[in-house]
Amino acid sequence: RRVHGEAHNPQIHNLLRGRCHGSLIFDKVSKPVKFLAVNESIPPNQVYYLMTEYWGMNPPKSIISVTGSAAPLTDVSDMDVLHSYLVGIMKLAAKNGAWVFTGGTHSGVMEAVGEAAVSDNRAPLVGVAVFGKMRHNDKLKPAEGEAVYYSIKGKPPAGLSQLNPNSSHILLVEGDRWGDEVEFRNHLEQLFSHLPQILLVVGGGPVTTNVILLKVREKIPILIVGFA
């Protein structure tokens, strides 16, 4: 029997002890976004346990992993076409019980996926982001189960990004460099190697290339989306 909540489950309480977690409250977003800080001290299988037992997520039936450009998608000539394509992907994800993983930021392809995911009947959209590169990370670190207001008004400071308000759940990976989250995210996704998986790529740079190489080694199907 799944138990939601820390107080009723000693294992959940122990896993969360001293660990930053809670809910993010965004402007004009009706549902809070649950977040959890993770590092090498907590194995991916225990993170999955928290996702299902503490957050109450239904186990996935398939995995869609999205990677690509974090910069504005200025090279995409028709954003309406890309949006329609991503809306279709998200509808298929919801229909087939998939979890969708992204980089969790409010920029580039992650922002586009978030906008496509807005629906009453939606698949879980799990953002996996680098904690030290996120705007307002100082406000999140003291949180131990509390709701935290998170503003995305204006541009973030140079070198930082901000979290995507359309994610359903966010994992904040300890680190201060772009790409510090890749290994943890890949290990988490490897838990589902027995399930159908696909990597969706839209643009990107060196970090995206590293992700693609990891998936090639694991023989995960890769779909590269290009728009002329």
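**Exercise 1.** Determine whether Glu218 is buried, partly exposed or exposed.

*Solution.* The relative accessibility of Glu218 is 26%. Buried means under 20% relative accessible area, exposed over 50%, and partly exposed in between (1.4 Å probe, protein chains only). Glu218 therefore counts as partly exposed.

The structure is a predicted model, in which local features need pLDDT of at least 70, side-chain atom pairs count only at pLDDT 80 or more, and totals for chains, interfaces and linings use all residues. Residues are numbered from 1 along each chain as its sequence is written, and side-chain values use heavy atoms, with hydrogens and water left out.

**Exercise 2.** State which residues Glu218 touches, not counting residues up to four places away in sequence.

*Solution.* Begin with the location: Glu218 lies in the loop between α7 (206-217) and β9 (222-224). Helices (H or I, at least four residues) and strands (E, at least two) are DSSP runs, numbered from the N terminus. Next, apply the contact criterion, heavy atoms within 4.5 Å; Glu218 touches Asn186 and Gln190. Finally, the side chains of Glu218 and Asn186 make a polar contact (2.8 Å).

**Exercise 3.** Identify which element supplies the largest share of the largest nonpolar core.

*Solution.* A nonpolar core is a set of buried Ala, Val, Leu, Ile, Met, Phe, Trp, Tyr and Cys residues joined through side-chain atoms within 4.5 Å. The largest one has 23 residues, and those touching the most other members are Val38, Leu50, Met51, Phe101, Leu171 and Phe184. Elements supplying at least two residues each include α1 (10-16), β2 (33-38) and α2 (44-54). The largest share, four residues, comes from α2.

Definitions and conventions: A polar contact is a pair of N or O atoms within 3.5 Å; within protein, one must be able to donate a hydrogen and the other to accept it, and residues adjacent in sequence count only if both atoms are side-chain atoms.
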